[in-house]
Amino acid sequence: VRLGWYSVRIASSPGMAEVTNVPTVGEARALGDSYAGKAILAFLSDAEIARYRVWAEAHDIAWTERSDRDLRSVRKNSVALGRAELDGSAMPVAFPIMVRDLAIAALSIDAPVLDGPPDPDSSPFADWRAIVTQFEHLARAQPALFENPFAHLDPGTIML
């Protein structure tokens, strides 16, 4: 979820593979520093993204032309891709959880699961999108479950 200019992991579940990784709950990173954060950041308004850039520069967080390209790609494909780490080809993914036109959170699969560009019609990509869609339906049906209690604060005043 978004907290100020950060993404904070609020839940984690181990995978079913022989070797699994359980990311740390409470882990916080600048929105632009992770694919899960980029899945949220890409759906902020252009003005909010500009404010994030100013904040990032003030906190020595790199922002490059590639960062802009990454956000455009996330907006276009509704998925953020992580970097391939193990064998050089398979990538982790993060999907924005959208309510109206705003990403309120992201669902990330923090393992090398996607080979090549995402194909929205193929499994498991379509299965993951279906899970995200269920979260989006729940957020519309019960918005109180997804309210950000810190939304009234200026994002730049929150330091983690």
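In this predicted model, R66 and D70 lie four residues apart in helix α3, which means that about one helical turn separates them. These two residues form a salt bridge, and the closest N and O atoms of the pair are 3.9 Å apart. The contact qualifies because a salt bridge requires the side-chain nitrogen to be within 4 Å of the carboxyl oxygen. R66 itself is partly exposed, with a relative accessibility of 45%. Elsewhere, salt bridges with shared partners join R2, E48, R51 and D154 into one network.

**Salt bridges**

The count of salt bridges in the model is eleven. Three of them are set out below, including the pair already described.

| Pair | N to O distance | Citation |
|---|---|---|
| R53 and D68 | 2.6 Å | salt bridge |
| R72 and E65 | 3.3 Å | salt bridge |
| R66 and D70 | 3.9 Å | salt bridge |

R53 and D68 form a salt bridge with their closest N and O atoms 2.6 Å apart. This pair links distant parts of the chain, since R53 belongs to helix α2 (residues 46–58) and D68 to helix α3 (residues 65–77), 15 residues apart. The two partners have unlike surroundings: R53 is partly exposed, with a relative accessible area of 28%, whereas D68 is buried, with a relative accessible area of 16%. D68 is classed as buried because its value of 16% falls under the 20% limit for that class. In the salt bridge between R72 and E65, R72 is partly exposed at 48% relative accessibility, and E65 is likewise partly exposed at 45%.

**Helix α3 and its surroundings**

How far apart are the end C-alpha atoms of α3? They are 18 Å apart, in agreement with the 18 Å expected for 13 residues at 1.5 Å a residue. At the N-terminal end, T64 acts as a cap: one of its side-chain oxygens lies 3.2 Å from the backbone nitrogen of R66. After the helix comes S78, whose phi is positive, near 55°.

Which residues of α3 are buried? They are S67, D68, L71 and V74. These residues cover an arc of only 120° around the axis, and therefore they lie on the same side of α3. The cover over the buried residues of α3 includes α1 (35–41), α2 and β4 (80–81).

**Nonpolar cores**

The largest nonpolar core holds 24 residues, of which L31, L41, Y52 and W55 touch the most other members. Two or more residues of this core come from each of α1, α2, α3 and β5 (90–99). The largest share, five residues, is given by α1.

L41 illustrates how parts of the chain are brought together. When neighbours within four places in sequence are left aside, L41 is in contact with L31, G32, I49, Y52, W63 and L71. Among these contacts, L71 is also one of the buried residues of α3. Apart from the largest core lies another core, of ten residues, among them V93, I97, W128 and V132.

**Residue F125**

F125 is located in helix α4 (residues 125–141). Is F125 buried or exposed? At 4% relative accessibility, F125 counts as buried. F125 and V113 are twelve residues apart in sequence, and their C-alpha atoms are 9.5 Å apart in space.

Note on methods: Residues are numbered from 1 along each chain as its sequence is written. This is a predicted model: local features need pLDDT of at least 70, side-chain atom pairs count only at pLDDT 80 or more; totals for chains, interfaces and linings use all residues. Side-chain values use heavy atoms; hydrogens and water are left out. Buried means under 20% relative accessible area, exposed over 50%, partly exposed in between (1.4 Å probe, protein chains only). The expected span of a helix is 1.5 Å times one less than its number of residues. The arc is that of the directions from the helix axis to the C-beta atoms. Contact means heavy atoms within 4.5 Å. A polar contact is a pair of N or O atoms within 3.5 Å; within protein, one must be able to donate a hydrogen and the other to accept it, and residues adjacent in sequence count only if both atoms are side-chain atoms. A nonpolar core is a set of buried Ala, Val, Leu, Ile, Met, Phe, Trp, Tyr and Cys residues joined through side-chain atoms within 4.5 Å.
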